[in-house]
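Hi,

Here is the structure I said I would send over. Have a look at it first, and then read on for what I found.

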Amino acid sequence: MEISYSDKSVLIVDNRLEDLAELKMILGSMGVSKIQVASSVNMALVLLRELQFDLCFVVYDLGKDHKNGLQLIQEATAEGIRKFSTIFTLVVDPERSKLLFGSLDSSPDTYISKPYAEPKLRFRIEKIMRIREVLLPLEEQLDQGELQAALEMCGKLIQGYPGLHMYIQRLRGIILLELGLYSEAVHLFETIVAQRDQPWARVGLGMSLCHLGHYLSARHALQHVIDESHFCVEAYTWLARTYKALGERGEAIGLLRKAIMLQPTVSELQGGLGSLAGQNQEWNVAIEAYDSAIRYARNSCFQSDEYYFSLVAALLARDKFDSEIEEHAIRTLEDVVLAFPEEPIVQFKSRLMVAQVYHKSGSSDRANLAARSAFDLFCGLELTEKAEWVEPFLEGMEGTAVAADAQAMKQQVNRDSAALEWGKLNLQGMLAYRKKEYRKALGFFVRADGILPNNPSLTLNLVQTALEQARHPGPECHELLLQCDNAMYSINYGSLSVRQQKRYLSLSDRCAEMIRSKAQLKHETETGL
C-alpha cells in the first residue's frame with residue numbers, strides 16, 4: 001500500500017541553506033506540504049516544545065562548537081518532548097552512522113546521507129514508517145505514559161510480529177528501566193547481547209547493573225561500547241559513575257575528558273566533569289568545564305543555576321585570585337540573576353557569593369555592602385527556604401560586618417523551623433543519631449527527605465546515618481550502600497558550601513571504601529579465593 005505524505009508534518013534541522021532547500025524540494029515532490037525548518041538544536045527544541053511532527057530530519061554536523069544533530073534527540077528525550085510516534089532521521093555519512101547508534105533511548109530511528117536522492121529517501125522512510133504503523137498502539141501508550149500497559153503489549157506484539165523482535169525488545173528494555181525493574185532489565189539485555197551483540201543493549205545492561213549496585217559488572221558492559229568507538233553519552237557517564245562509586249575519581253575524570261573531546265557541546269558531560277574535578281581539587285579543569293556547561297545548557301532542560309554557582313566556587317577555591325578572576329566571578333553572578341529572573345533564592349545566593357568574592361579580594365567595604373544585601377534578601381525568603389540555606393548563609397557571612405546578625409538569624413531560623421514537619425523530623429533524626437539509634441534516625445531522615453527532597457544538608461544527614469547502619473551485617477547492607485551512592489551522586493559538589501564540601505568528601509570516600517570492600521568480598525566468594 002502506497003504511503004500518503006499529504007498529511008505528514010516535517011521538521012528539518014540544517015544550517016546549510018542549499019542542502020535544506022534541496023531536501024524541502026524532494027519532500028514537496030513527495031506530497032509533504034507542512035514543513036518547518038531550524039538552523040540549530042536550540043531552535044529545533046523550541047519548535048518541538050510547541051508542535052508535534054511526524055518526521056524530523058536532523059543533520060549530525062551543524063558546525064564546530066555547535067550542538068550536533070544527535071544532541072537534539074538526546075535533549076528532546078531528556079526533556080520529555082520527544083514523541084515515540086515521531087520518526088527521527090539523522091543525516092550523516094554512512095561510515096559514521098554505525099558509531100552513532102549506541103544509545104538505548106536517544107538514538108535516531110534511521111539515517112540517510114547527502115547528497116539527497118528521492119528514491120533512497122523514500123526507501124529509508126517508508127521502511128521505518130511501515131514498522132511504526134504496526135507499533136502505533138504501543139507508541140501511543142508510551143507517549144501517554146501508560147508504561148505497564150505498554151510492557152504487556154510488547155509481549156503480544158513480539159508473538160504477532162517476530163520480524164520486529166529486536167525493535168520491540170529495545171522498547172521493552174526502556175520501559176523496564178523506567179519502571180525500575182532492574183533485575184528484569186538485566187536478564188533482557190543479557191539475552192539480547194547473547195543473541196546479537198548490540199551496543200544499545202550493552203548500554204542498557206550497564207545502566208541496569210549500575211542501578212543494582214553491581215558496578216564491576218556494569219563497567220565491563222559499558223567499556224565494551226566505548227572500545228568499539230561508539231559516540232554514546234550514556235556509556236561514558238554511566239561508566240564514569242562506576243569509577244566514582246568505587247572511589248576512583250581520577251579515572252572517572254579522565255573518562256569524562258575523553259568523552260568531551262568527542263562531544264564537547266554536551267552540557268551534562270561538562271557539568272559532571274566540573275563536579276568530579278572539584279572533588280579532586282583540579283580547579284582549572286572544573287572552571288573550564290563549568291564555563292562550558294553554562295554555555296551549552298542555555299535554553300535547554302539542562303540549564304541550571306548550580307553551574308553558575310559551582311563555577312564561582314571553583315574560582316574562589318583557586319590559590320591565585322587576581323582582578324581577572326574576580327571579574328570573571330562577578331560577571332558570572334550577574335549572569336545567573338539574568339538567566340533566572342524573579343527567583344529569590346538565586347538572587348540571595350548570588351549576593352551571598354558576591355560578598356565572598358569581594359572578601360577574598362580584600363575589598364572589605366564592597367564585601368560588607370553585598371553581605372548586607374544578601375542578609376536582607378535572606379530575610380525575605382520563606383521559612384522553609386531559610387531553613388534550607390541557613391548553614392551556607394552563616395558561612396558566607398563570616399568575616400563581614402553582619403556576621404553577628406547572621407548568627408542571631410540562624411538561631412531564630414533553627415527555632416522557627418522546628419515547627420515545620422520536615423524540620424521536626426530532621427531534629428528527631430539528629431537526636432536519635434547522637435544516641436546511636438541509627439535505624440530509628442534513618443527513618444526520621446527518610447521521612448524528612450520525602451517532604452523536602454534534594455536538600456544537601458538533609459541528604460548528607462541521611463547518608464551519614466545510613467553508612468553507620470550499613471556497618472552492621474545484614475541483608476539490607478547492600479541496599480543501604482546503593483542508596484547512599486545514589487544520594488551522593490545526585491548532589492552537585494560545586495554548589496555546596498565549603499563545610500558541606502568537606503563533609504561530602506568524607507562521606508563519599510567512606511561510602512566508596514565500604515562498596516569496594518563488599519565488591520571484593522563478593523568476588524572472593526564467587527571465585528573461591
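**The sheet**

Valine 10 stands opposite isoleucine 35 in β2. That is a detail from a predicted model, so please read the rest with this in mind. Valine 10 belongs to the pairing of β1 (residues 9-13) with β2, which is parallel and runs over five bridges.

Zooming out, these strands sit in an open sheet of five, ordered β2-β1-β3-β4-β5 and paired in the parallel sense. At the edges you'll find β2 (34-38) and β5 (110-112), each with pairing on one side only. From one strand to the next, the twist averages 20 degrees.

Helix α5 (residues 118-143) packs on this sheet and touches β3 (55-59), β4 (87-91) and β5. The direction of α5 makes about 170 degrees with that of β5.

**Helix α14**

The other thing I looked at is α14, which covers residues 283-297. Its 15 residues reach 21 Å from the first C-alpha to the last, close to the 21 Å expected at 1.5 Å a residue.

How much of α14 is buried? Eleven of its 15 residues are, so the helix is largely enclosed by the rest of the structure. Among the buried ones are Trp283, Ile287, Tyr290, Ile294 and Tyr296. The cover over the buried residues includes α3 (69-79), α12 (249-262), α13 (267-279), α15 (305-317) and α16 (323-339).

One last spot to check: asparagine 299, just after α14, has a positive phi of about 60 degrees.

Cheers

Conventions. Residues numbered from 1 in each chain as written. Predicted model: local features only at pLDDT ≥ 70, side-chain atom pairs only at ≥ 80, totals over all residues. Heavy atoms only, no water. Pairing = 2+ DSSP bridges. Helix = DSSP H or I, 4+ residues; strand = E, 2+ residues; numbered from the N terminus. Axes fitted to C-alpha atoms, helices over the stretch in contact; angles between N-to-C directions. Contact = heavy atoms within 4.5 Å. Expected span 1.5 Å × (residues − 1). Buried < 20%, exposed > 50% of the residue type's maximum accessible area, 1.4 Å probe, protein only.
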